[in-house]
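Me: Please take a close look at the interior of this model, meaning its nonpolar packing and its enclosed or open spaces.

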Amino acid sequence: MSARITASIYTSHVPAIGVAMDLGKTGEPYWQPLFAGYEPAREWIASHMPDVVILVYNDHGNAFSLEMIPTFALGMAPSYEPADEGWGARPVPNVDGHPALSAHIAQSVIQQDFDLTLVNDMLVDHGLTVPLSIMFGQPDAWPCRVVPLAVNVVQYPVPSGRRCLQLGRAIRRAVERFDDDLDIQVWGTGGMSHQLQGPRAGLINQPWDTAFMDRLIADPVGLADMPHIDYLREAGSEGIELVMWLIARGAMADCADAAGGADLAGGADAAGGAGRAAPSVAHRLYHVPASNTAVGQLILEDRS
Ligand code: DHB
Ligand code: FE
């Protein structure tokens, strides 16, 4: 039996959410409603525990500094330690990787013409650890393995929505050819609307965020055409993190290309959908504020 992608999860990665957990503040009035909102997602995953999460996130100048910024960087390592982001490493478990799956994804996805950077040794920052904390709480060890996929959304030019959706498709094809009985989820992290600096710092755009989630569910191929300037104008400078959600969405069955991936690089997307059922929405959350950010969370289950 081959590996299969069963679900995708979309979630903000605000560092202060991790800090609230690490310092035992989740019951305080500011945080309590948000963590109550996470409860259904935690219940869902307790009964849908993956073997591996392919975790799409962005590094924030921690693993790669600003000296070298790969566009798509795949973690190949057996384990990853949390980065010290200036206030000490988070007191969370090391992240166990899956080197054999990483090697297979690298082989398959690069043969599908995506030039991934292979990272054999790296630290992981809040972009990766906070989503794990949001979903799994504070265990002594994370309950599944993780293959990190770091995407540049820090220095322009960052990848287009279309490129991200296509990478998700390529990842699905890779997974379906991995000859091991693994239940795999793809998580897209970052967002939602937020801007951390400049005159518009603190920007939140709830109508836009809501529409983004609606389209992510129902019209991912159309959403992938949205240009960067729309993210920047409507969702703030850090709202661009949301392009990463399109990688996870592209990995769902209904985004698979009808021709079996013959033309992943093609511009036309007539084949988008391939007649396969749209995923079902297992959970949806929107909450303002968390630090400077609008928090979104979505769980989509494949029906095929
Ligand atoms: C915040 C949000 C982020 O996505 C991030 O990477 C850093 C800070 C914030 O809202 O504070
Ligand atoms: Fe961020």
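Reply: The packing comes first, then the spaces. This is a predicted model in which local features need pLDDT of at least 70 and side-chain atom pairs count only at pLDDT 80 or more, while totals for chains, interfaces and linings use all residues. Residues are numbered from 1 along each chain as its sequence is written, and side-chain values use heavy atoms, with hydrogens and water left out.

The largest nonpolar core (buried Ala, Val, Leu, Ile, Met, Phe, Trp, Tyr and Cys joined through side-chain atoms within 4.5 Å; buried is under 20% relative accessible area with a 1.4 Å probe, protein chains only) has 57 residues. Val-109, Leu-167, Ile-184, Phe-212, Tyr-231 and Ile-247 touch the most other members. Helix 5, residues 161-176, gives this core its largest share, seven residues (helices are DSSP runs of H or I, at least four residues, numbered from the N terminus). Leaving out residues up to four places away in sequence, the contacts of Tyr-231 (heavy atoms within 4.5 Å) include Trp-208, Phe-212, Met-226 and Leu-246. Another core, of 40 residues, lies apart and has Trp-44 and Ile-299 among its members.

A search of the whole structure finds one cavity of 30 Å³ or more (on a 1 Å grid over the protein atoms alone, points where a 1.4 Å probe fits but cannot get out; lining residues have an atom within 4 Å of a point). The largest cavity holds about 90 Å³, a volume being the space filled by probe spheres set on the points, which are joined across faces, edges and corners. Its lining has 13 residues, with Asp-59, Phe-64, Ile-69, Pro-70 and Asn-152 closest to the centre.

Conventions: Chains are lettered from A and ligands numbered from 1 in the order in which they are written. On a 1 Å grid over the protein atoms alone, a cavity is a set of points where a 1.4 Å probe fits but cannot get out, and a pocket is an open set with protein on both sides within 12 Å along at least five of seven lines; lining residues have an atom within 4 Å of a point. Buried means under 20% relative accessible area, exposed over 50%, partly exposed in between (1.4 Å probe, protein chains only). Helices (H or I, at least four residues) and strands (E, at least two) are DSSP runs, numbered from the N terminus.
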